[in-house]
Amino acid sequence: MKKVLKQVLGIDVAQKELVVTLGRTLEDFTIELYAHKVFKNSDSGIRSLLEWVKKHTDNTINIRYVMEATGVYHQKIAYHLAENDYEVSIILPNKISNYMRTLENKTITDKTCSEAIAQFGLERKLDNWQRPKAVYRNLQQLSRERDQIVSERSMVKNQLHAESSEAYPYQKSIERLQDRIFFLNKQEKEIKQDIKEIVSENKDLEQEVRIMSSIPGVGELTAIIVLAETNGFELIRSKKQLTSYAGLDVKEKQSGTSVKGKPKISKKGNRSLRKAMYLPALSAVKWDERFKAIYARIVGRNGIKMKGLVAVQRKLLEIMYIFFKNKNTYDTHYLEKENSVQIQDQYAITG
């Protein structure tokens, strides 16, 4: 039998299932995808998965476990593997979907996705996933909980408005809706207090938030969300990688002269991060002349306001990353220094 050079388990993660494919690179550099199985996405399922992998692999060679970042459903197995010193890599979904387009098999199922992930892991040199620091993990949970409460409160307020606008509103229904809004306001206040206490107890984090919130339009809560969702930019190596992680990277469709679609942002990234940048971009455009110039330049070119707003979202996120790395506060001449007003066509994208 040929010598094995590399072993990878590709994992397609769902809420209740883990669909896996084992693959290996042989000494003649050929790739074999040779074993498939489905396990429950639970503690017992993960233990069964590890026992199965042990039986079907060369125990003298390390195995890399590769999976997509799928909301929160990948976290259980990722944490279990990392805590037991297994090699783990977590890939952005847009990377895998782009890679799958290059493969001969165009059928998309859980099995083919796990095969593609395994093959991707065999062909690429991947970084080890780093578990989020406890402080960032807690802030992420709190900020996402707050976002859910804000969304629910907005829905209840709309319902209250509709009930109140009826010709003969039922008073007890209105009172219950008002009580629910009061309860949600109380919960949001408690969450904000929890976040404030976590930040105040960590002086380095407090300084990071202060630096990032010096940028026009960026408040403390936005800075906290960005740090929480990126684990303090732990695995971010460039501005391009950051915008891809947020799903603000440009996606184009072009083939020869006959097919040319409009550039769009991919939206295949961290939805919470993307959502957090929307209101700061609106504020920056309103109150800062330099961001207003970026926005006006893009909108003046194509007449679509969302394109200009997305350009500002990208720029804000990039500046937050740069300032975090350099420990600088915002300089009103920053954009002029780096010629940012001379924005490229890459920012002319749709929302």
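This tour moves through the structure selection by selection, from strands to salt bridges to surface patches.

The model is predicted, so local features need pLDDT of at least 70 and side-chain atom pairs count only at pLDDT 80 or more, while totals for chains, interfaces and linings use all residues. Residues are numbered from 1 along each chain as its sequence is written, and side-chain values use heavy atoms, with hydrogens and water left out.

**The first strands**

Select residues 17-26, which form strand β2. Helices (H or I, at least four residues) and strands (E, at least two) are DSSP runs, numbered from the N terminus. Nine of the ten residues of β2 are buried; buried means under 20% relative accessible area, exposed over 50%, and partly exposed in between (1.4 Å probe, protein chains only).

Add strand β1, residues 4-13, which pairs with β2 in the antiparallel sense over nine bridges. Two strands pair if DSSP finds at least two bridges between them. Val-13 stands opposite Leu-18 in β2, and three residues separate β1 from β2 in their hairpin.

Next add strand β3, residues 31-40, which runs antiparallel to β2 and is joined to it by nine bridges. Here Val-19 stands opposite Val-38 in β3. The hairpin of β2 and β3 has four residues between the strands, and Phe-29 in the turn has a positive phi of about 70°.

**A helix residue and its spatial partner**

Select Ile-46 in helix α1, residues 43-55. Ile-46 counts as buried, at 1% relative accessibility. Show His-80 as well: the two residues are 34 apart in sequence, and their C-alpha atoms are 8.2 Å apart in space.

**Salt bridges**

A salt bridge is a side-chain nitrogen of Lys or Arg within 4 Å of a carboxyl oxygen of Asp or Glu. By this rule the count comes to 13 salt bridges.

Display the side chains of Arg-64 and Glu-87, which meet in a salt bridge at 3.4 Å, N to O. Arg-64 lies in strand β4 (residues 63-68) and Glu-87 in strand β5 (residues 87-91), so the pair ties together parts that are 23 residues apart in sequence. Arg-64 is buried, with a relative accessible area of 12%, whereas Glu-87 is partly exposed, with 25%.

Move to Glu-229 and Arg-144, a salt bridge whose closest N and O atoms are 2.7 Å apart. Glu-229 belongs to helix α8 (residues 220-230) and Arg-144 to helix α5 (residues 134-164), so this pair ties together parts that are 85 residues apart in sequence. Glu-229 counts as buried at 3% relative accessibility.

Then select Lys-186 and Glu-190, whose side chains meet at 2.8 Å, N to O. Both lie in helix α6, four residues apart, about one turn of the helix.

**Surface patches**

Patches are made of residues with over 30% relative accessible area and no salt bridge; like charges are joined within 9 Å, and nonpolar side chains (Val, Leu, Ile, Met, Phe, Trp, Tyr) within 5 Å. Accessible areas come from the Shrake-Rupley method with a 1.4 Å probe; for residues, only the protein chains shown count as cover.

Show Tyr-278, Leu-279, Leu-282, Ile-304 and Met-306, which make a nonpolar patch of about 420 Å². Its largest share, three residues, comes from helix α11, residues 278-287. Leu-279 lies in that helix and is exposed, with a relative accessible area of 59%.
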